[in-house]
Amino acid sequence: MKSLKDILYGVGLTAVSGTTAKLVNQICFDSRKVGMDDVFVAIRGTKSDGHKFIEKAIASGANAIVCEQLPDNLVNEVSYLEVKDTKEALSVMASNYYNNPSKNLKLVGVTGTNGKTTVSTLLYKLFKKAGFKVGLISTIRILVDEKEYPTTHTTPDPMTINYYLSLMSEAGVEYCFMEASSHGIDQRRTYGLVFAGAIFTNLSHDHLDYHNSFAEYRDAKKKLFDQLQKNAFALANMDDKNGLVMLQNTKARKYTYALKSYADYRAQILENQFSGQLLKIENNEIWTKLIGHFNAYNILAIYATADLLGLDKFETMKLLSELENVDGRFQYYISKNRITAIVDYAHTPDALKNVLETISALRTGNESVITVVGCGGDRDKSKRPVMGHIASSMSNKVIFTSDNPRSEPPAAIISEMEAGVEPQNSMKVMAIENREQAIKTACQLANAQDIILLAGKGHETYQETNGKRVDFDDFKIVKSFLDGLKK
């Protein structure tokens, strides 16, 4: 049991009915999970309003309610606490409940459209190699030093974040790297956390199904930097026009990195091939196994962050050269028939363009590029024709297929992608709804030296349709088909 008064420390209360001098059990924001003596936080979400479930929460045993508007009928013995923003209140309460664990380690947030998972995961690996106890909160997994936990969201809810940060604190973790999505930041999931620093990778078209405009999407990312304290660092990609926007109002120490612009940390690509690339960072050359200019940015962001956190520069360079690609990020396999298959999470126009540009730079000119790509259902529809246009204009052959259709008909999603195909590219395109069949067809179409790109799902090992998930792993499937080819 915890003191309600202590849990509410730092929460701006606009009205109080009842006492805060009581003990509570858990903090709940889902009325279905409320138990005896819990405090229920009524959150206004995109699909439902927690205020409608206050009575249900009390009936289930809640002895305190945090809300944005006091109910008309107040129940004796129940404490009602009115706040301006219950999302912010929940985050502050969650931190207090777990004794503010983010103060006990150096927490670094990574935000941007592309590169969040690669940068955060490789920072985790680099600091582990450097001998530190490290934590990771990412799209793919949560790691408390070496112990792994599953994750369902890029940025979990505040209770989950603080729970794992508390485990990290107890385990003696010194550094934690956390992906911060625009949804998570906008929904105040990172509010109240003490960050040692934040990294901005880039910004491009994504999540406009949630944010009403690109400006809203950008400003959601910016909030992470606005909440940084003076002793933190803010690191932004200067080659992205939104880099300076992120730094505008931050109190933190400002730093920049770039390949093309003047910046505090600069890099140059000297060589680029399938086995890796040679970079020049601050007059020192480094060979990295990560391919493509987008990974050059990722490597530079990691180098800069390590430096800002106090790691020796030469040790950082050595450790960077040992790092392997993250699963589902330009993960490739070369078959015995010399066909190359690349699996990448590219699910935004910019990411798809980056991957295809990287492939183009690695080609000798004789290979065909066969792209298998789809778009997720119940997500930003406006990017579908854009991705259709990019795939068809930058590939020799394209197969539009299902990604995670969710509640939408796959044929309708594919049709919207086809709308972006220009007439001169229409002969390159075919549609195969079944993703496994689409991958098999791509393998059958490929000849020696050709390159197959499977875009969109990356590390995911499932396909989601009408609320059900079935096992589906792009990398395993394409490898199986290529190994079985008789050409």
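Contact here means heavy atoms within 4.5 Å. With the whole protein selected, bear in mind that among contacts between residues at least 6 apart in sequence, 66% join residues at least 24 apart. This is a predicted model, in which local features need pLDDT of at least 70 and side-chain atom pairs count only at pLDDT 80 or more, while totals for chains, interfaces and linings use all residues. Residues are numbered from 1 along each chain as its sequence is written, and side-chain values use heavy atoms, with hydrogens and water left out.

Switch next to a cartoon view, where the protein shows 15 helices and 26 strands (DSSP runs, numbered from the N terminus: helices are H or I with at least four residues, strands are E with at least two). The radius of gyration is 24 Å, close to the 23 Å that the globule rule gives for 487 residues, so the protein is as compact as a globular protein of that length (the radius is taken over C-alpha atoms, and the rule is 2.2 Å times the number of residues to the power 0.38). Along the principal axes, the C-alpha atoms fill a box of roughly 75 × 50 × 35 Å.

Now select V144, which lies in strand β10, residues 142–144. Is V144 buried or exposed? V144 counts as buried because its relative accessibility is 7% (buried means under 20% relative accessible area, exposed over 50%, and partly exposed in between, with a 1.4 Å probe and protein chains only). Add V134, Y149, Y164, L167, M168 and A171 to the selection, since V144 touches these residues, not counting residues up to four places away in sequence. Finally, select N325, which is 181 residues from V144 in sequence and 21 Å from V144 in space, C-alpha to C-alpha.
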